[in-house]
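Colleague: Hey, could you walk me through this one? I've got the picture open and some questions to throw at you.

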Amino acid sequence: MSTQPITKQSVSGEQDSGSTPPHGPVEKRRISNVNVPLTALVAVLSLTVLIPLYFTVVTALKSSDQLGGTGFELPTSIHPENFTKAWELTNFPNALLVSGIVTASAVVLTIITNSMVAYAIARNMNRPFFKALYYFFIAALFVPFPIIMLPVTKETALLGLDNPVGLFLLYTVYGLSFNIFVYTAFIKSIPPELEEAAIMDGASHWTTFWKVIFPLLTPMNATVGILTCLWAWNDFLLPLVILSDPTTRTLPLVQYVFQSQFNTDYSTAFASYLMAMAPLLLVYLFAQRWVISGVMRGSIK
Amino acid sequence: MGAPRLAAGPARNKLRSETVNRTFYWMVIPALLLFVVLHTIPALTGIFYSFTNYAGYGEWNFVGFGNYVNLFRDDRILSSYAFTFLFATTTTIVVNVGALFIALLLNAKIKFQTAFRGIFFIPNVLSVLIVGYVFNYLLSNNLPLIGQALGIEWLSSSILTNPDLAWLGIVGVTAWQSIAFSVIIYLAGLQTVPAELYEAASLDGASHWRQFTSITFPMISAFFTINMVLALKGLLQAFDQIVALTGGGPGTSTESVAMVIYRGGFQGGEYGYQMANSVVYLIVIVVLSLLQMRTLQRKEADFS
């Protein structure tokens, strides 16, 4: 429960008094009397998640003639050539590079710009301009992408943004609505005295933000970063309509485009799917606790 | 400490009212401009074209509310709305019931809590499109085999090619993936419930079900609202999983609104017409979200 102090800090007034349970004793009791039947039930339920994953892995390792039967048997022989075939057919390194660049740029740019915008808004909510801006951005939460998809596609093509640069700009801008919501709630919990002290010492507001406030936003930056990363990496519709050059396709888009070429060669198709999912899945396996606490933090405001 | 704080008073006000402004404006103006260019202007041009017969290229004329009138006579549009509502409401219910159940289990005194929590979140890390492709294969090849072995007729052939059952396949796959995120939100909610309440309740002899309805659910009702609103809004936009699972078929029985906008707008030369569809769709989503928030929040108030 390493996140406890942070979540507590950002919990809103409604349950403040209640949200500070004596964690020590509760923790101890949890360890001392484990509910075995419930654990078994959870284990069985977790199979609903694990079996499809297992199925994906074994299918990717089999040769076409091993695919019959129920499909859940272990492969009788391993076929790594499925992966080399998928690698070459879809030009995997290229798609990986595009997805990597788009995702990394979207995450970095989102954290830097969105936190700054949220800070300016949160500290000036008493001014009509900033208040209006806040509601203007939040209102966009109600406008799902499919609704503006046709004009956006036309406009990005017109502006020469029908490429990965346009794509990560769009993620940064479209994330603004939700991220401002998350950031401003957190920024309001930071006492303004901190910045005032820095400003009294002669620091500009710009320096104050980067040197004093931005470091304090680290937990929220992590939350926003994780959510942006998951979105940009896995998104399909935006790359589908924005990217015009076949050499700049992202990983999900490549799976879609090559669907007809995989045809009935399911082993190659599954090898390709697995390679497309693997990078983020591996990161997740190692950063699991951190990712989940980041997402949880985003929901407690 | 008293004296410097007093001195800071007037200085603070001065800073706030004059010099501050400029930097703060510089912090928001570039983002505002980009937002207007990439979000507001497309939305406004889109609304403009919804009153024209623009095909996406070439010349166009104003047609007034013609597109809007035609939408309500177009079977394909009407059936896409019917499918999208049916799909989104069913999935929202399945996801929330399932996620709340799993979150309660994960919050109980079980072993390997962190590991299980990690497993249940995995689907949220995966691409919706790719998950759709994997399940497409499972539902088309493996499930029918199981159905045949068990002698269940409706399961003996792929449910994705059955016009009556295909939507259930999409609901199932979407729920499999969406539950992951909702579980985490519910878990976050459950951790805000003070343990003393349960201790007091069990001393009073309240059953588990009673504890759930009288303590747990009222205490996490704000999280229930978040999950319901987020799920419904997200699911009303369904596109990726349908592309991967049925491609809108069989026929057009599982075409979602987003899919009709995409196909008609990009491939069918119906730019103006589909923009009218988008505007109607936007109004529907806004109205539904507001209604949902109002009813759920009223409920929240009732509990407390």
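Colleague: Which residues touch the most other members in the largest nonpolar core?

Modeller: In this predicted model, those are A:Val117 and B:Val183, out of 157 residues in that core.

Colleague: And which helix gives the most to this core?

Modeller: That's helix H7 of chain B, residues 166–190, which puts in 15 residues. Domain 1 (2–49) and domain 2 (68–303) of chain B both contribute residues, so the core lies between them.

Colleague: How far apart are the C-alpha centres of those two domains of chain B?

Modeller: The centres of domain 1 and domain 2 of chain B are 38 Å apart.

Colleague: Back to A:Val117. What does A:Val117 touch, leaving out residues up to four places away in sequence?

Modeller: From chain A, A:Val117 touches A:Leu176 and A:Ile180. From chain B, the partners are B:Met27, B:Val28 and B:Ala31.

Colleague: OK, so how many residues does each chain bring to the contact?

Modeller: Chain A brings 75 residues and chain B brings 77 residues. On the side of chain A that touches chain B, helix H15 (residues 266–299) gives the most, with 13 residues. By class, that side of chain A has 53 nonpolar, 18 polar and four charged residues.

Colleague: Switching topic: how many helices and strands are in each chain?

Modeller: Chain A has 15 helices and zero strands. Chain B has 13 helices, again with zero strands.

Colleague: What radius of gyration does chain B have, next to a compact globule of 304 residues?

Modeller: Chain B comes out at 25 Å, whereas a compact globule with 304 residues would be near 19 Å. Along the principal axes, the C-alpha atoms of chain B fill a box of roughly 75 × 60 × 35 Å.

Colleague: And what share of chain B is buried?

Modeller: Buried residues are 41% of the 304 residues in chain B. For chain A, buried residues are 41% of 301 residues.

Colleague: What about contacts in chain A between residues 24 or more positions apart?

Modeller: Those make up 75% of the chain A contacts with a separation of 6 or more. In chain B, the figure is 72%.

Colleague: Where in chain A does pLDDT stay under 50?

Modeller: Over residues 1–31, for which the model has 30 contacts beyond four places in sequence. Chain A as a whole averages a pLDDT of 86, and 89% of the residues score at least 70.

Colleague: Now the backbone oddities. Is the peptide bond from B:Gly249 to B:Pro250 cis or trans?

Modeller: That bond is cis, with omega near -5°. B:Pro250 sits in the loop between helix H11 (240–245) and helix H12 (257–267) of chain B.

Colleague: Why would anyone flag that?

Modeller: Because most peptide bonds are trans, and most residues other than glycine have a negative phi. A:Asn91 is not a glycine, yet has a positive phi of about 50°. B:Phe112, not a glycine either, has a positive phi of about 55°.

Colleague: Where is B:Phe112 found?

Modeller: In chain B, in the loop between helix H4 (75–107) and helix H5 (113–121). B:Phe112 is partly exposed, with 14 other C-beta atoms within 10 Å.

Colleague: Last one: is A:Ser77 buried or exposed?

Modeller: A:Ser77 is exposed, because just 8 other C-beta atoms lie within 10 Å and the cut-off for exposed is 12 or fewer. A:Ser77 is in the loop between helix H3 (36–61) and helix H4 (81–89) of chain A.

Notes:
Residues numbered from 1 in each chain as written. Chains lettered and ligands numbered in written order. Predicted model: local features only at pLDDT ≥ 70, side-chain atom pairs only at ≥ 80, totals over all residues. Contact = placed C-beta atoms within 7 Å. Helix = DSSP H or I, 4+ residues; strand = E, 2+ residues; numbered from the N terminus. Nonpolar A, V, L, I, M, F, W, Y, C, P; charged D, E, K, R; others polar. Rg over C-alpha atoms; globule rule 2.2 N^0.38 Å. Buried ≥ 20, exposed ≤ 12 C-beta atoms within 10 Å, placed from the backbone. Domains from an automatic or database assignment. Core = buried A, V, L, I, M, F, W, Y, C linked by C-beta atoms within 7 Å. pLDDT = per-residue confidence, 0-100.
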